[in-house]
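Let's take a walk through a protein model together. Have the sequence and the 3D view open, and follow along one stop at a time.

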Amino acid sequence: MKKIYISLLILLPLNGAFSQSTLMIGNTEVTIDTVYTGLDVPWEIQYGPDGNLWFTERKGLVSKLDPVTKTRTIVLDIVDDVYQEYEAGLLGMALHPDFENTPEVFIVYTYGTSPNVLEKLVKYTYNGTALVNPVIVLDNITAYTTHNGSRLLFLPDNTLLMSTGDAQDQPAAQDLSSLNGKILRLNMDGSIPADNPSPTSYVYTFGHRNIQGLNHGPNDRIYISEHGPTTDDEFQLLLPDRNYGWPDVEGYCDLPAEQSFCGQNNVEEPLMAWTPTIAPSDLIYYDNDAFPELDDKILMTVLKDKKVRAITLNVPGNHVMDEEDYFTDMFGRLRDIAMGPQKELYLATNGAEWMNIDPNTHSIIRITPPTDASLGELDNTGFQMYPNPAKNLLTIEVKAVDLGSDCIIRDLQGKEIQQQKITSPKFMLDLTKLEKGVYLVEMNGVVQSLIVN
Ligand SMILES: [Ca+2]
């Protein structure tokens, strides 16, 4: 694959936010652009069969976003009904598996008033412009300001999995009569599937703390990610009727008390446990050779460590062979990931901090792998800069026409960080005062993105 230095032939976008650039990922040049920004904690994103990107915002909005025109339409506003504080709010969403014929959307949100916060799963119908006719599928689940799970996933048999958190009541995770600290399996009408581990219980798996990732992997397997306490975030293979250990086991069954508990309680150990914690969130299985670095890997968004972790599994899918990190510190905290029909990736970014300080850093970012056609169209216009990513020093080579103009470095909001007059066709920039992250380098109307690490 041919390597092209310059790639960014764009003007600054209207709102000053990160617009479009390209980036080498290994040997693959991908295009990166912001599909939408200025959001308030986009939590769940899913590419719909209608060609729109559907997403929730935690304060209580469901939107669909046309990824071509970048037009956002709010289809549900339940801000007044949602209890939103800290991690609670409108969280998970799943479109009906046959959405084109049955346009139903399932969402999970917290409601009530503190300290009596509850969580419910509600089904809406999309009438072409809005979500209407709410039907409660399951409610009165204990919730809290933190640890509310809420990922949804349809299985091939049209039953629905829903993760619930322990809602800070740790023993509930081992209590099979509680709906907390579980993955529940339901029929779409809220009834209990006859082939659940117990035909009288929603409980599918138990011993969970706070599952934030839930999705299909290769070979009909299902994988989850889960937040540990101060240690032991986990990546797990989901098997029905298994105990995942919390709060008696953290991470692997490695301490003496854990080994004893695991031996007696049918505990499924994680495939990976991460200490220090990274705060894993949702995941997808990527299966396309357009992006060979990511092909055949589980891609898991990571909040605290602000990256995508690519996990390589063995063929049976029960052992992690390798882990690699991508997009580290580029977009802030990463909450969710989705894939579109061109095998492009969408990331929901959640700012720089746990608290939602600056909603303008909450965005949906697109990463598009190359096609032969798009590679052929790229042109070597403008200036060259290298290395990229850069650490302390950046070398820039410009064309004669650029001499005398200004070289400006901006942040992704378009704010000017650094500026200098171009007096030489080749010069160096000192980057030691810049924080790690993505910047825009602008010269004579041409803008390129720069990663500082
Ligand atoms: Ca352990």
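**How sure is the model?**

The protein chain has a mean pLDDT of 90, and 92% of its residues reach 70 or more; pLDDT is the predictor's confidence in each residue, from 0 to 100. This is a predicted model, where local features need pLDDT of at least 70 and side-chain atom pairs count only at pLDDT 80 or more, while totals for chains, interfaces and linings use all residues. Residues are numbered from 1 along each chain as its sequence is written, and side-chain values use heavy atoms, with hydrogens and water left out.

Where does pLDDT stay under 50? One such stretch is residues 1–17, which has 51 contacts beyond four places in sequence in the model; a contact means heavy atoms within 4.5 Å. Residues 372–380 also have a pLDDT below 50, with 12 contacts beyond near neighbours in sequence.

Now zoom out to the domains. The assignment gives domain 1 (38–362) and domain 2 (381–452), with bounds that come from an automatic or database domain assignment. Their centres, taken over C-alpha atoms, are 39 Å apart. Four residues from domain 1 and six residues from domain 2 make up the contact.

Next stop, the metal. Which residues hold the calcium ion? The ion is coordinated by E250 (O), Y252 (O), D254 (OD) and, twice, E258 (OE), at 2.2 to 2.7 Å. Donors here are N, O and S atoms within 2.8 Å of the metal (3.2 Å for Na, K and Ca), and water is not among the atoms, so sites may look incomplete. Along the chain, the donors follow the spacing E-x1-Y-x1-D-x3-E. E250 counts as partly exposed because its relative accessibility is 29%, and D254 is partly exposed too, at 45% (buried means under 20% relative accessible area, exposed over 50%, partly exposed in between, with a 1.4 Å probe and protein chains only).

Finally, look for empty space inside. A search of the whole structure finds two cavities of 30 Å³ or more; on a 1 Å grid over the protein atoms alone, a cavity is a set of points where a 1.4 Å probe fits but cannot get out, and lining residues have an atom within 4 Å of a point. The largest cavity has a volume of about 70 Å³, and its 14 lining residues include R209 and W246 among those nearest its centre. The second largest has a volume of about 50 Å³.

Note on methods:
1 Å grid on protein atoms, 1.4 Å probe; cavity = no way out; pocket = protein on both sides within 12 Å on 5 of 7 lines; lining within 4 Å. Points joined across faces, edges and corners; volume = space filled by probe spheres on them.
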